[in-house]
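User: I'd like a close look at one part of this structure, please. Could you walk me through it in one connected answer?

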Amino acid sequence: MMKKYEKPVVVVNDELSEGVYAASGAGCYDVTATINQENQNGRMDYRIIVDAVHNADHVCERQILTVTFDTPVTYSFSNGTLQGSATGNTIVVAYTYHNNPSDRIRLADLIVTCDKFPQIVNVKLED
């Protein structure tokens, strides 16, 4: 049985310091990504939380996270394994979490560096 697609609602507020991107309708994960900590006192890194709900009829042991930004960033850290280039607008990281059909994954460990506040323009988690 397919889940009914609900279009995400986006609200623009220039006074907020967080960037949030929501993806829905593609693959078996519903995903959001939030830049929850930005650079302070000359530190130019940004810490990103990714929340994903596995809406599927299968289990999996491996996930591929793809995050695309509006400006080039440099990968700094995650609990996954970087796949491909560490610098650019798109960062790809492989994770190895066991997921039951309706499990939730919270990845609070993706860190990138950038000269200015990056915006997340796309996020995807696949198994």
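Which residues does Asn99 touch, not counting residues up to four places away in sequence?

Analyst: Happy to help! A word on the source: this is a predicted model, where local features need pLDDT of at least 70, side-chain atom pairs count only at pLDDT 80 or more, and totals for chains, interfaces and linings use all residues. Residues are numbered from 1 along each chain as its sequence is written, and side-chain values use heavy atoms, leaving out hydrogens and water.

Now to your residue. With that sequence limit, Asn99 touches Tyr29, His54, His58, Val59, Cys60, Gln63 and Ile105, where contact means heavy atoms within 4.5 Å. Asn99 sits in the loop between S6 and S7; strands are DSSP runs of E, at least two residues, numbered from the N terminus. Asn99 is buried, at a relative accessible area of 2% (buried means under 20%, with a 1.4 Å probe and protein chains only).

Take Tyr29 next: its side chain makes a polar contact with the Asn99 side chain at 2.7 Å. Such a contact is a pair of N or O atoms within 3.5 Å, one able to donate a hydrogen and the other to accept it; residues adjacent in sequence count only if both atoms are side-chain atoms.

Cys60, also on the list of residues that Asn99 touches, is buried at 8% relative accessibility. The closest cysteine sulfur to that of Cys60 is in Cys28, 6.4 Å away, which is too far for a bond. A disulfide requires cysteine sulfur atoms within 2.5 Å, and the count by this rule is zero.

Notes: Helix = DSSP H or I, 4+ residues; strand = E, 2+ residues; numbered from the N terminus. Buried < 20%, exposed > 50% of the residue type's maximum accessible area, 1.4 Å probe, protein only.
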